[in-house]
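Q: Please take a close look at one part of the model shown here. A connected account of the surroundings of that part and of other local features would be welcome.

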Amino acid sequence: MKFAERMSRLGTETAFDVLAEVNELRAKGRSIIALSIGEPACNTAENIKNAAKKALDDNLTHYSASQGIVEFRRVISDYVSRTRGVPFTPEEIVVVPGGKPVLFFCILALLEERDEAIYPNPGYPIYESMINFSGAKAVPLRLREDRKFSFDVKELRSKITDRTRLIIVNSPHNPTGGVIPKQDLHEVAELALKHDLWVLSDEIYTRIVYEGRAESIIQFPGMKERTIILDGHSKTYAMTGWRVGYGAMPKRLAAYVTRLMTNSNSCTATFTQYAGMEAMVGPQESVTAMVEEFRKNRDLVVEGLNRIDGFFCHKPAGAFYAYPNVTRACRKHGFKDSRQMQQFLLHKAGVAVLGQGCFGMRLKEEDQEYIRLSYVSSAQDIKEALRRIETALSNERLVEEFLEEERSRELVK
Ligand SMILES: Cc1ncc(COP(=O)(O)O)c(C=O)c1O
């Protein structure tokens with residue numbers, strides 16, 4: 001049977017493949033500490049769950065407006081106006097099932113074949129996947145470790161052509177934990193104005209910052225007309241499985257995104273929207289407590305990683321990821337890349353992490369190796385994971401055994 005050609009352009013999020021591998025190993029009785037997962041380990045707060053239960057008991061089980069329940073959109077528009085310092089109305093908000101559909105729908109609505117879109121590399125893999133799927137050209141912008149994983153504005157300028165339509169920024173950033181300095185955002189805004197570009201600002205980790213605040217590009221004059229803010233409940237309120245997110249965007253684009261919702265989902269689950277509303281208007285202590293927990297974990301993980309021979313890790317300013325440079329360790333132990341280290345750590349140390357290959361295409365100029373560790377687990381698990389990594393890497397016999405197995409696997413292929 002024949003499939004549409006566009007399916008060959010659709011990428012994926014390999015973190016889900018690693019999750020499947022972790023579950024398989026656990027089912028065989030192996031002890032695996034998963035530092036590969038991009039979600040808070042804590043559970044959704046009770047008040048939020050109770051709001052969902054009440055909505056079900058009140059029979060709020062029917063379709064809602066495709067754009068989202070208007071009271072919820074009002075809560076969101078007030079929140080976005082307050083936190084970003086730019087006024088929004090409910091007409092400029094679309095509620096969707098998670099943060100991802102904001103990307104999916106806006107990219108479909110904005111890009112056509114031959115257009116170009118610039119996105120961060122390394123970055124959340126769905127950017128590259130969706131741009132390619134739309135038929136536009138995905139133009140990676142390298143994030144630089146020596147700029148604490150921000151980008152070089154000169155390099156960004158050099159990537160803009162007369163076909164560029166969209167720039168994606170993500171701050172705080174997955175996978176590096178970097179936060180883009182306000183000055184860099186200002187320069188991106190100036191470029192967007194000068195070249196008449198859209199900016200998709202992925203701010204899903206905006207509440208998870210450890211120093212100061214994460215600035216939004218929307219604050220700069222002229223940006224409201226050309227910016228989409230992607231935000232949602234998955235990370236802030238530990239609600240990944242509920243599927244509730246939203247976009248704040250110009251009214252005309254909101255109408256198109258709403259139409260895409262009507263065509264695909266009809267609406268975000270109604271009782272979920274009531275839970276999402278309670279998350280925003282109810283007590284925020286659980287968010288503060290979660291971020292404080294992450295801060296302690298961050299310090300623990302960075303200190304531990306920097307003790308491992310051949311690792312170097314910057315202190316991330318936001319999100320819940322550490323992104324150590326492991327180039328020296330890869331060379332020392334003979335791993336050909338961070339993916340091979342990822343496999344070694346999973347199978348021989350019992351620790352799941354993600355190699356940089358999970359975060360977009362490998363750039364020709366990239367000669368460094370990185371892995372991502374998500375520090376959402378308990379302090380005890382993090383300490384044990386660090387101990388396992390250090391012990392496994394200092395066991396040369398174990399490394400040699402793994403490399404031998406890898407060579408045999410290659411031969412079979
Ligand atoms: C940078 C970034 N944007 C968007 C998302 C999507 O979040 P959601 O699970 O709400 O779709 C994620 C999830 O990992 C992410 O890391």
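Between which two elements is the loop in which Pro172 lies?

A: The model is a predicted one. Pro172 lies in the loop that runs between strand β6, residues 164-170, and helix α7, residues 182-195. The peptide bond that leads into this proline, from Ser171 to Pro172, is cis, and its omega is near -10°.

A second cis bond can be described in the same terms. The peptide bond from Asn121 to Pro122 is cis, with omega near 0°. Pro122 has its place in the loop between β3, which covers residues 116-121, and α5, which covers residues 125-134.

Beyond helix α7, the backbone offers another point for inspection. Asp196 is found in the loop between α7 and β7, the latter being residues 198-202. Asp196 is not a glycine, yet its phi is positive, at about 55°.

The ligand is the next subject. Of the 13 residues around the ligand, those that come nearest are Gly99, Asp202, Tyr205, Ser234 and Lys235. By class, this shell comprises four nonpolar, five polar and four charged residues. Two of the nearest residues have polar side-chain atoms beside the ligand: one such atom of Asp202 lies 2.6 Å from a ligand nitrogen atom, and one of Ser234 lies 2.6 Å from a ligand oxygen atom. The backbone takes part as well, with a polar backbone atom of Lys100 at 2.9 Å from an oxygen atom of the ligand. Taken alone, the ligand exposes 400 Å², of which the protein buries 94%. The space that the ligand takes is the largest pocket.

Elsewhere in the chain there is an open sheet of three strands. The strand order in this sheet is β10-β13-β12, and the pairing is antiparallel. β10 (321-322) and β12 (354-355) stand at the edges, and each has a single partner strand, so one side of each is left without a neighbour in the sheet. In general, the strands of a sheet pair through backbone hydrogen bonds, in a parallel or an antiparallel manner. β10 is joined to strand β13, residues 371-374, by two bridges, and these two strands run antiparallel. Within this part of the sheet, Tyr321 stands opposite Ser374 in β13.

To return to the part in question, Pro172 belongs to the loop between β6 and α7, and the bond to Pro172 from Ser171 is cis.

Note on methods
Residues are numbered from 1 along each chain as its sequence is written. This is a predicted model: local features need pLDDT of at least 70, side-chain atom pairs count only at pLDDT 80 or more; totals for chains, interfaces and linings use all residues. Side-chain values use heavy atoms; hydrogens and water are left out. A residue is near a molecule or strand if one of its heavy atoms lies within 4 Å of it. A polar contact is a pair of N or O atoms within 3.5 Å; within protein, one must be able to donate a hydrogen and the other to accept it, and residues adjacent in sequence count only if both atoms are side-chain atoms. Accessible areas come from the Shrake-Rupley method with a 1.4 Å probe; for residues, only the protein chains shown count as cover. On a 1 Å grid over the protein atoms alone, a cavity is a set of points where a 1.4 Å probe fits but cannot get out, and a pocket is an open set with protein on both sides within 12 Å along at least five of seven lines; lining residues have an atom within 4 Å of a point. A molecule sits in a cavity or pocket if more than half of its atoms lie within 2 Å of its grid points. Ala, Val, Leu, Ile, Met, Phe, Trp, Tyr, Cys and Pro count as nonpolar, Asp, Glu, Lys and Arg as charged, and the others, Gly among them, as polar. Two strands pair if DSSP finds at least two bridges between them. Helices (H or I, at least four residues) and strands (E, at least two) are DSSP runs, numbered from the N terminus.
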